[in-house]
Amino acid sequence: MRAERANAKINLYLNVVGRRENGYHNIVSIMQTVSLCDLVTVEYLPAPQLSIRLYASGNDSMPTDGRNLAWRAAERYLGKIGQSGEVRITVEKHIPMAAGLAGGSADAAAVLRAMNRLCGNRLSTRELCALGAGLGADIPFCIMGGGALVTGIGEQLEKITPMPQCPLVVACMGEGISTPWGYGKLDELHGNFVDAPVFDDRPDTIIRAMHENTVAEHTPCFFNIFEEIVPDLRPRVGEIKAVMNAGGALRAMMSGSGPSVFGVFPDMESAERVTEKLKEMGAAAFVCHPTAAYQGENCGE
Ligand code: ATP
């Protein structure tokens with residue numbers, strides 16, 4: 001049996017810099033894993049027949065069949081190494097779903113890491129990431145964890161120094177928007193991104209700040225293009241940001257296409273106070289912190 005943490009991700013920077021003819025968008029993103037996580041355990045017994053069972057706790061609405069990314073990850077892994085058998089996955093769900101925190105991708109990545117360990121590290125990290133990419137754009141990052149600069153259509157990953165330790169609050173309330181619909185709205189606003197992008201040095205500044213432990217001074221460089229559309233449509237996003245800002249956040253910003261919001265706090269006391277307040281408002285709210293890349297023989301290297 002293998003137990004893995006499946007950490008949520010936040011985007012410290014997320015911009016669209018172009019649109020390809022096939023409709024995919026070129027992005028620039030700085031992703032960072034945080035300690036808010038699902039707990040995933042995997043048991044595997046080689047057998048002539050393939051059978052995958054997924055058991056969930058903590059969230060009744062998560063699919064437990066082939067619609068679950070974690071389920072599909074196990075199937076793909078065994079297909080890739082040409083083995084069959086009985087797989088039993090349990091997911092203790094803590095990450096809010098469909099919130100821009102990549103919870104499903106994190107679970108799938110955890111299953112890929114676990115299956116690879118249980119099968120004697122048959123795939124290299126690179127191969128594991130390529131397998132994950134076929135299932136979801138965020139999965140390669142979720143296999144590695146820590147901090148990364150993500151470019152292209154999300155498939156190009158460059159490891160960077162993770163965000164230094166600091167109190168974070170992640171919160172979400174109400175429904176989000178569909179991500180493809182959101183990209184459509186951004187296309188309308190930005191003329192399908194046909195113009196060459198304006199030079200933007202904020203990603204480099206953030207990466208340097210992460211390396212030099214000066215993120216607190218550089219939070220004004222954080223950016224999320226989806227904030228141009230989502231808060232107007234989902235007022236809860238603005239309410240959460242207002243509570244975080246009033247409670248002393250150095251910066252509060254939406255993650256991914258929302259509706260989750262993360263706040264960077266100067267101290268634990270203010271992070272905890274704001275979290276309590278957000279919970280009283282009915283939000284799912286968590287105090288957490290940035291995490292380093294997953295350690296181990298075949299991960300995070
Ligand atoms: P992203 O940030 O990558 O866009 P997200 O955080 O917005 O992801 P997820 O929590 O990954 O969204 O879930 C989106 C949808 O995927 C859910 O509505 C759910 O039906 C489906 N799903 C499949 N597998 C999982 C899983 N293991 N955990 C959560 N959702 C899953």
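Helices, here runs of H or I of at least four residues, and strands, runs of E of at least two, are taken from DSSP and numbered from the N terminus. The model described is a predicted one, and the account begins with the surroundings of the ligand before turning to the backbone.

In the shell around the ligand, the largest share comes from helix α2, which spans residues 103-118 and contributes four residues. The ligand is surrounded by 18 residues in total, and those that come nearest are N68, A98, A102, G104 and D138. When the shell is sorted by class, eight of its residues are nonpolar, whereas five are polar and five are charged. The space that the ligand takes up is the largest pocket.

Polar atoms of the protein approach the ligand from both side chains and backbone. A nitrogen atom of the ligand lies 3.0 Å from a polar atom in the side chain of K93, and an N or O atom in the side chain of D107 is likewise placed 3.0 Å from a ligand nitrogen atom. At A98, by contrast, it is a backbone N or O atom that lies 2.9 Å from an oxygen atom of the ligand. On its own the ligand has 610 Å² of accessible area, of which the protein covers 74%.

The backbone at A98 also merits a remark, since this residue, which is among those nearest to the ligand, is found in the loop that lies between strand β4 (85-92) and helix α2. Its phi is near 50°, a positive value in a residue that is not glycine. Most residues other than glycine have a negative phi, and most peptide bonds are trans. A departure of the second kind is found at the peptide bond from G258 to P259, which is cis and has an omega near 5°. The proline of this bond, P259, is located in the loop between strands β9 (251-254) and β10 (261-264).

A further feature of the backbone is the pairing of strand β5, residues 147-151, with strand β6, residues 156-160; the two strands run antiparallel and are joined by five bridges. Within this pairing, L149 has E158 of β6 as its bridge partner. The two strands form a hairpin in which four residues lie between them, and in the turn G152 has a positive phi of about 65°.

Definitions and conventions
Residues are numbered from 1 along each chain as its sequence is written. This is a predicted model: local features need pLDDT of at least 70, side-chain atom pairs count only at pLDDT 80 or more; totals for chains, interfaces and linings use all residues. Side-chain values use heavy atoms; hydrogens and water are left out. Two strands pair if DSSP finds at least two bridges between them. A residue is near a molecule or strand if one of its heavy atoms lies within 4 Å of it. A polar contact is a pair of N or O atoms within 3.5 Å; within protein, one must be able to donate a hydrogen and the other to accept it, and residues adjacent in sequence count only if both atoms are side-chain atoms. Accessible areas come from the Shrake-Rupley method with a 1.4 Å probe; for residues, only the protein chains shown count as cover. On a 1 Å grid over the protein atoms alone, a cavity is a set of points where a 1.4 Å probe fits but cannot get out, and a pocket is an open set with protein on both sides within 12 Å along at least five of seven lines; lining residues have an atom within 4 Å of a point. A molecule sits in a cavity or pocket if more than half of its atoms lie within 2 Å of its grid points. Ala, Val, Leu, Ile, Met, Phe, Trp, Tyr, Cys and Pro count as nonpolar, Asp, Glu, Lys and Arg as charged, and the others, Gly among them, as polar.
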